[in-house]
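This report describes the surroundings of two acidic side chains. The sequence and structure are shown first.

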Amino acid sequence: MVLDILRFHELNETQINNLPLRLRIVQLWRHLDLVEKANDQKKWAVIQSVRNSTVADETLKCEIGMFDLEIHIKDFANPGSKEVEKLFHNAGIDDIWNFVEARGSGSKILKTSLDSLVHRRNQIAHGDAGATATPNDVKQLIIDMRRLTKVFDLVIADYLSACSTGSYPWDILV
């Protein structure tokens with residue numbers, strides 16, 4: 001889903017100054033992580049790379065291939081609700097769970113179901129003999145996760161529609 005957001009901005013040629021500030025910061029922060037223990041020459045090179053980055057130039061527009069997706073999905077495994085919230089926040093959507101609640105009835109249940117799925121998966125994966133999943137548990141989790149995915153799709157479509165010239169965002173991504 002984050003890939004869709006980034007790809008949308010690239011294909012839509014979104015003006016850099018219209019990108020969410022958090023998205024621009026996340027894209028540039030990797031450069032700054034290199035600076036702390038570097039010598040002065042390396043620090044200056046990093047400063048120049050940030051200064052010359054397309055994402056830092058608010059007069060430019062997004063272009064194909066400009067975003068580094070790996071930054072957003074690095075260490076993104078077994079995502080519970082907090083990790084999902086951070087992922088969406090870093091792509092420019094704050095308070096994802098409020099949007100999910102506004103777009104889908106029973107969304108607090110979906111958030112809880114996601115956390116329950118991750119918790120149970122971790123128990124089973126780490127050998128907790130008492131952690132089991134009945135066929136009915138699995139069936140309900142599948143239903144909930146499909147519903148959550150559909151609500152995420154609606155939230156992202158709303159977000160991208162607000163960022164575009166009114167066209168339906170999934171049409172741009174085709």
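Contact here means heavy atoms within 4.5 Å. The model is predicted: local features need pLDDT of at least 70, side-chain atom pairs count only at pLDDT 80 or more, and totals for chains, interfaces and linings use all residues. Residues are numbered from 1 along each chain as its sequence is written, and side-chain values use heavy atoms, with hydrogens and water left out.

Glu10 lies in helix H1 (residues 2–12), helices being DSSP runs of H or I with at least four residues, numbered from the N terminus. With a relative accessible area of 11%, Glu10 counts as buried because that term covers values under 20% (1.4 Å probe, protein chains only). Other buried residues of H1 include Ile5, Leu6 and His9. Apart from residues up to four places away in sequence, Glu10 touches Cys62, Glu63, Ile64, Gly65, Met66 and Phe67. Gly65 is 55 residues from Glu10 in sequence, yet their C-alpha atoms are 7.3 Å apart. After H1 comes Glu13, with a positive phi near 55 degrees.

Asp144 belongs to helix H8 (residues 135–163). Outside its neighbours within four places in sequence, Asp144 is in contact with Leu110 and Ser113. Asp144 is buried but forms no salt bridge, a term for a side-chain nitrogen of Lys or Arg within 4 Å of a carboxyl oxygen of Asp or Glu.

Distances from the two side chains are listed below.

| Side chain | Partner | Distance |
|---|---|---|
| Glu10 | backbone nitrogen of Phe67 | 3.2 Å |
| Asp144 | side chain of Ser113 | 2.9 Å |
| Asp144 | Arg147, nearest side chain of opposite charge | 4.7 Å |

Terms used. Helices (H or I, at least four residues) and strands (E, at least two) are DSSP runs, numbered from the N terminus. Buried means under 20% relative accessible area, exposed over 50%, partly exposed in between (1.4 Å probe, protein chains only). Lys and Arg count as positive and Asp and Glu as negative; His and the chain ends are not counted. A polar contact is a pair of N or O atoms within 3.5 Å; within protein, one must be able to donate a hydrogen and the other to accept it, and residues adjacent in sequence count only if both atoms are side-chain atoms.
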